[in-house]
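User: I would like a close look at a single residue and how it sits in the overall fold. Please take the structure below and work outward from that part.

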Amino acid sequence: MESARRWALALARGSLPVGVGLLLWFAVGTGEQQRQETLKALPEVTPEYLAQRRKDNELIMAALREAAETDENVARWPVPWRK
């Protein structure tokens, strides 16, 4: 009888953090969904703005790719590079 009581107590102590973790997970998940919807509704999220951001990201990735392919110290290159 004592071992069953100890098992039940251990199970209760082990399930408490799991339950709290699940509650926090659901709380954060619903907040994240609302945040994503708010970000989509911002006025600066226009197709033109997104296209400009995409172009900027492509230029940055090209610069990083070029820096990765060379053995030189790219920090010493002139600012506009070769772009």
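Is Glu 48 buried or exposed, and what is its relative accessible area?

Analyst: In this predicted model, Glu 48 is exposed, because its relative accessible area is 59% and the cut-off for exposed is over 50%. Glu 48 belongs to helix H2, which runs over residues 47–69. Exposure can be set against the whole chain: 4% of the 83 residues of the protein count as buried. The protein exposes about 7900 Å² in total, and carbon and sulfur atoms supply 64% of that area.

Moving outward from the residue, Gly 14 is 34 residues away from Glu 48 along the chain, and the C-alpha atoms of the two are separated by 52 Å. An unreviewed UniProt entry lists residues 7–28 as "transmembrane region". In the model, the span 7–28 is 100% helix and 0% strand, with its end C-alpha atoms 32 Å apart.

The division into domains gives domain 1 as 1–41 and domain 2 as 43–72. The C-alpha centres of domain 1 and domain 2 lie 40 Å apart.

As for the protein as a whole, two helices and zero strands are present. The radius of gyration is 26 Å, well over the 12 Å that the globule rule gives for 83 residues, so the protein is more spread out than a compact globule. Along the principal axes, the C-alpha atoms fill a box of roughly 80 × 40 × 15 Å.

Charge completes the picture: the protein has 12 positive and 11 negative charges, and the mean positions of these two sets are 8 Å apart.

Methods
Residues are numbered from 1 along each chain as its sequence is written. This is a predicted model: local features need pLDDT of at least 70, side-chain atom pairs count only at pLDDT 80 or more; totals for chains, interfaces and linings use all residues. Side-chain values use heavy atoms; hydrogens and water are left out. Domain bounds come from an automatic or database domain assignment. Helices (H or I, at least four residues) and strands (E, at least two) are DSSP runs, numbered from the N terminus. Buried means under 20% relative accessible area, exposed over 50%, partly exposed in between (1.4 Å probe, protein chains only). UniProt positions are given in the numbering used here, feature names are shortened, and annotations may be inferred rather than shown by experiment. The radius of gyration is taken over C-alpha atoms; the globule rule is 2.2 Å times the number of residues to the power 0.38. Accessible areas come from the Shrake-Rupley method with a 1.4 Å probe; for residues, only the protein chains shown count as cover. Lys and Arg count as positive and Asp and Glu as negative; His and the chain ends are not counted. The place of a charge is taken as NZ of Lys, CZ of Arg, CG of Asp or CD of Glu.
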